[in-house]
Amino acid sequence: MAGRIRAVFQSNELDRDLRMELEAHIQLLAEEHIRKGASQEEAQRLARIELGGVEQLREAHRDVRALPWLDTLLQDLRFAFRLFRKSPGFTAIAVLTLALGIGASTTIFSWVRSVLLNPLPGVANPERVAALETLAPNGEWLPTSYLDFRDLRDGCKLSEKMSVTKPMDLAVGNEDSFERVWGEAVSGDFFDLLQLKPEIGRFFSREEVDHEQNAHPLVVIGHSYWASHLHSDPQAIGTTLRIGRFPYTIIGVAPATFSGSMAGLSFQMWVPATMYGQLASTGDQTLVDRKWRTFRVLVRLAAGVTLSEARAEVQSHAIDMALADADTNEGMSATLLPLWKSHYGIQDFMLGPLSILMAASGVLLLIVCANVANLLLARATTRQKEFSIRLALGAPRSRLIRQLLTESLLIALAGALAGLFLAVPLSGSFGYLLPHSAIPTLASAPIDGGVLLFMISVAALAALLAGMAPAVHASVGKVDEALKERVRGGTSARSARLLGFFVTSEMALAVVALIAAGLLVRSFRNVSEVRTGFDPDHVDIARLDLSAASYDAQHADSYCLRFREQLERQPGVSAVAYTDYVPLSVSGGSWEDLQIQGYVASPSENMKIYRSLTAPGYFDLMKIPILQGRDFNLHDDASAQPVMIVNEEFVRHFIPTGISLGRRVQGWGKWFTIVGVVQDTKVFRLTEPPAPYFYVPIRQIYRPEMGLVFFVRTTAPTDSALATLRREAQNVDPSVPVFDASSLNDSIAASLFGQRISAELLSLLGSAALLLAAMGLYGVISYSVAQRTNEMGIRMVLGAQATDVSRLVIRQGAKLVGIGILLGTLASLALSRLLASLLFGVSATDPIIFLGVALLLSLVALAACYIPARRAARLDPVVALRYS
Amino acid sequence: MENKTEILQGTLDLMVLQALQAMGPLHGYGIARRIEQLSEESLKVNQGTVYLCLVRLLQKKWIKAEWGTSENNRKARFYSISKAGQKQLVQETENWQRLSGTIGRLLQLSGTR
C-alpha cells in the first residue's frame with residue numbers, strides 16, 4: 001500500500017525507469033532483427049511494433065502500479081481546479097456563502113465549547129467533574145456553607161474528591177498601588193480534584209490547609225500572572241505577595257492552560273478557603289456558620305460511579321444533615337449537576353442564548369448548502385452535454401458522481417478555509433458575549449482541535465449536502481435523452497423540480513430563523529421597556545473594597561461619611577448615597593430570615609427575604625417614591641433603635657391590615673421597627689414579578705465584607721464623574737481600592753446582555769438567511785427565465801403581452817415562496833415551545849411577528865423575482881425565438 | 001469479461017514465475033523470449049504486457065528486480081524469483097494442474113459423446 005501511494009507521487013521517476021527498460025528491450029529486439037538481416041532502421045521499426053505502443057504501455061503500467069482511486073482523485077481535483085478557474089464568479093459566490101455559513105457556525109461552536117462543552121480547559125477528565133448545589137426548602141439553588149461542605153465531603157464516598165471554590169477579587173500589592181486580581185478561595189483538594197500538575201512549585205493539600213483558619217497564608221499563582229508580574233522567574237517560589245495587606249507565600253504556579261474553575265472566566269490566584277475570613281475580613285464566622293452559604297462546590301466522581309449514583313448519595317446525606325442541623329438546615333437538600341447545568345457561572349445564563357444561536361447557525365448553514373446546491377445544480381444542467389458525452393464514451397456513472405462530489409468538496413474546503421479567517425477574529429469577540437462588569441472574562445474562546453474538527457465535519461457535511469443532489473441528478477439522466485434535451489435548449493422537468501425544492505427549503509428555513517429573531521427582538525424590547533421603579537439616568541456608581549483595607553465596621557462607617565461629604569462638594573453632584581447592593585446587577589443579593597409580628601408563616605414557607613443596606617438619601621437619589629413614613633437618617637446608627645423600610649409587596653404579602661408603620665420585624669437576632677414603605681422596584685431581573693423586599697440602615701448592620709457601592713447623581717458626563725469618584729476616593733484613603741466604576745445604566749444593561757446578544761446575533765443570522773434565500777430565489781428564477789427564453793418568444797409571437805410574460809415569471813416564484821413560507825410557518829409553530837421559555841411579554845406564536853415575517857419574505861422574494869421578470873418582459877420575440 | 005482476463009493474467013504470471021525459476025535472473029526481453037520459446041511460438045504474447053505482469057509480481061513481492069548489464073552491455077533490469085514467489089509457483093502449479101486436468105477430462109468426456 002505504502003509503495004502504491006509512493007508510486008502515485010513518484011510517477012515521473014518510475015516512468016523514467018520503465019522508459020529505460022523498454023528502450024533496452026527495443027535495442028535487444030532490434031539487434032536480433034539485424035542478425036536476421038534487417039537494416040538498422042527497419043530493425044528499430046519492427047522492434048517497436050513487436051513491443052506494442054510504448055505510451056499505452058506506460059498508461060497501463062501506471063494503472064497497475066498505482067492506486068487507481070488516488071490517481072483518479074488527483075485527476076478530479078485537477079479538473080475541478082480548471083473548472084473553477086474558468087468560472088471565477090460561480091466559485092467566489094459558492095466559496096463566500098459557504099465561508100459565511102461555516103464561519104458563523106464555527107464561531108458559535110467555539111463559544112459553546114468554551115462555555116458549555118469544555119468548561120475546564122487544562123483539566124484531566126473534566127467530564128467526571130460535577131457541581132454540588134444546596135437546595136433551599138422551596139427548591140431554590142443556593143451556594144453551600146463551609147461546614148455543610150465538610151460534612152458532605154467526609155460523608156459521600158461516591159464522590160472521590162470535593163472542593164469549595166469561591167471567586168474573590170483580591171487586592172494585591174502594597175499600600176501605594178493596589179491591583180485587583182481575580183482569584184479563587186479553594187480547599188486543599190482543589191488541584192488534586194482537577195488532576196493538575198504545577199508548572200513549578202507545589203499545590204495545597206488537604207492535610208495542610210483545611211483545618212485551621214487564617215493559619216496558611218499561601219498562594220498559587222496563574223501562569224500568565226507569573227509571566228507578567230514575575231518574569232516567569234522560578235525563584236518566585238517562596239517569595240511573598242501582599243494580598244489585602246497580608247503577606248502570602250507563593251508556593252506554586254498553575255499550568256498555562258488552566259484559568260480557573262469557572263467556564264469562560266479567567267482567574268489568576270488561588271488561596272486556601274481557610275484564609276477566606278482574613279481576606280474578606282469576615283473573621284472566623286464565615287467558615288463556622290452553617291447559614292453562611294457562600295461557596296461553590298466541585299466534585300470529582302469516584303471511578304465507575306455515575307452522576308446519578310453520586311447524586312443519590314449526596315441527597316440522602318444532605319437530608320440527614322437537614323435533620324441533624326435542623327436549626328440552620330431544616331428542609332434543605334443538595335444535588336449534583338453536570339457543570340454545564342450549574343447555576344453559578346456564565347453557563348447558567350448563556351445556555352439558552354447559545355443553544356438558540358447554535359441552532360440558528362445550523363439553519364443558516366442549511367440555507368447556504370441549499371444555495372450552493374442550487375448553484376451546482378444549475379451548473380450541472382448546463383454541463384449536461386459534457387456528462388452525456390462522457391457517459392456515451394463509457395465513463396461509469398459512479399465516476400461522474402465522484403467528479404461532482406470532488407468539486408463540491410473542494411468548494412467546501414475553500415469555504416472552510418475562508419470561514420476560518422472569519423471565525424478566528426470572531427471568536428476573539430467572546431468578550432462581546434459577556435457583560436462589561438465585574439467579571440474576569442477570558443479574552444477569547446480558543447479555536448482548538450475540537451473546534452477545528454467540528455469545522456471540518458461541518459465542511460464535509462456541507463459538501464455532501466450541497467453536492468449530492470446535483471451529482472446524482474447529473475448522473476441518472478439517460479444519455480440519449482440528455483443529448484436531445486441539449487439540442488432542444490430546454491431544461492429537464494426533474495432539474496427544475498430540484499431547483500424549486502431547494503429554493504422552497506431555503507425560504508422555509510429563512511422563515512424559521514426570522515420568526516425566532518423577531519420573537520427574541522420583540523421580547524428584548526419588552527424587557528428593556530419594563531419599568532424598573534427607579535431612575536438610573538445620570539447616576540454613576542463605584543464599588544469600594546473596604547475589607548481589602550482591613551476596615552472594621554466603625555472605621556467603615558466614618559470612612560463612608562467622610563467620602564460622602566467629599567463627593568457632595570463636587571460640582572454638578574446633586575445627591576450621594578451608598579448601599580451594599582446595586583439593583584439589577586449580575587451578582588446575586590443577600591437575604592435574611594425574618595419573623596414578622598402578626599404574621600404566622602406556614603412551616604414550609606420561605607421566610608428568607610432579600611434586602612439591601614442603604615444610607616440615608618438612597619431613595620431620593622434613585623427617585624424611588626416613599627409612600628408612607630420616612631427615609632432613614634443619620635440618627636439611625638448602631639446605637640439607635642433598629643429600623644426598617646419595606647416595599648409595597650412586603651406589606652401586601654405580610655401585613656394584610658396594611659398598617660405597617662410601627663410594626664416590628666425580627667432579623668439578625670434583633671427587632672426592627674418599620675418606619676417607611678417604598679414603591680416596588682426591580683431587584684434582580686427586569687422580568688421578575690414583584691417580591692417582598694426590605695431595607696435597613698447601613699449603619700446598623702454593616703460589616704466591611706458586605707460590599708459597598710457609592711451612588712452619585714450628577715450633571716457631569718459619566719467619564720468625568722467616574723474620574724472624580726476615583727480621585728476623591730484616593731484622597732480620602734488611598735488604601736481603599738475602587739473598582740467597577742460605571743454609569744448605573746451600563747450596569748443595568750449588563751443584566752440584559754443574555755437577551756441582548758440573542759436578539760442581536762439572531763437578527764444578524766436571520767438577515768443573512770433572508771439575504772441568502774433571496775439570492776437563491778433570484779438565481780433560480782433568472783436561470784429559469786434564461787432557459788425558457790424560447791418558450792417566451794413563442795408566447796409573445798402568439799400574442800402574449802409583456803405583462804403576461806412577467807406575470808408568468810412572478811407566478812413561478814410566488815409558488816415556490818408561498819410553499820416555503822407555509823412550511824416555515826408550520827415548522828416555527830412546531831418549534832415554538834422550545835423558544836417560549838426565553839421570551840418575555842410575547843407569545844411564541846405571536847401572530848404579528850408570524851405575519852410580519854411572511855410579509856417581509858414575500859416582499860423580498862418579489863424583489864428577487866422582479867428583475868428576471870422584467871428581463872423576460874423586455875424580450876424581443878425575434879431574438880428570443882432564435883435563442884437556444 | 002472480468003474472469004477471462006483474470007485467468008489470462010494469472011496464466012502469464014505463472015509463466016513468468018516458471019521462467020525465472022528455471023532460468024535464474026532474466027531481463028524483460030529474456031522473459032518474453034523464453035515464454036515464446038516454451039510455448040513454441042503458439043502463444044504469441046504481446047511483449048509489452050510482460051512488463052505489466054512484472055510490475056504486478058513486484059508489488060506482490062513474488063519477484064525482485066535490480067539493475068544490471070545485459071549481454072550487449074546495456075543497462076537492463078534483471079528480475080529474479082523470491083522465496084514467496086517460489087511458494088506461490090508451487091501452489092499455482094498445483095492449482096493449474098488440477099484445473100487443466102479437470103478441464104481436460106471435461107473436454108474428453110464431451111468429445112467422446
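Visitor: What makes β2(B) and strand β3 (residues 75-81) of chain B a pair?

Guide: Seven bridges join the two, running antiparallel. Pairing takes at least two bridges found by DSSP, so they count as paired. Strands here are DSSP runs of E, at least two residues, and helices are runs of H or I, at least four, numbered from the N terminus. By the way, this is a predicted model, where local features need pLDDT of at least 70, side-chain atom pairs count only at pLDDT 80 or more, and totals for chains, interfaces and linings use all residues. Residues are numbered from 1 along each chain as its sequence is written, with chains lettered from A and ligands numbered from 1 in the order in which they are written.

Visitor: Which residue partners Gly68(B) in β3(B)?

Guide: That's Ala76(B), its bridge partner.

Visitor: Why do β1 (26-27) and β2 (63-69) of chain B stand at the edges?

Guide: The open sheet has the order β1-β3-β2 (chain B), with antiparallel pairing. Each of β1 and β2 of chain B has a single partner strand, so one side of each lacks a neighbour in the sheet.

Visitor: What puts the buried residues of α7(A) on the same side?

Guide: In helix α7 (residues 146-155) of chain A, the buried ones (20 or more other C-beta atoms within 10 Å of their own, C-beta atoms being placed from the backbone) are Tyr146(A), Asp148(A), Phe149(A), Leu152(A) and Arg153(A). They cover an arc of only 155 degrees around the axis, hence the same side of α7(A); the arc is taken from the directions from the helix axis to the C-beta atoms.

Notes:
A residue is buried if 20 or more other C-beta atoms lie within 10 Å of its own, exposed if 12 or fewer, and partly exposed in between; C-beta atoms are placed from the backbone.
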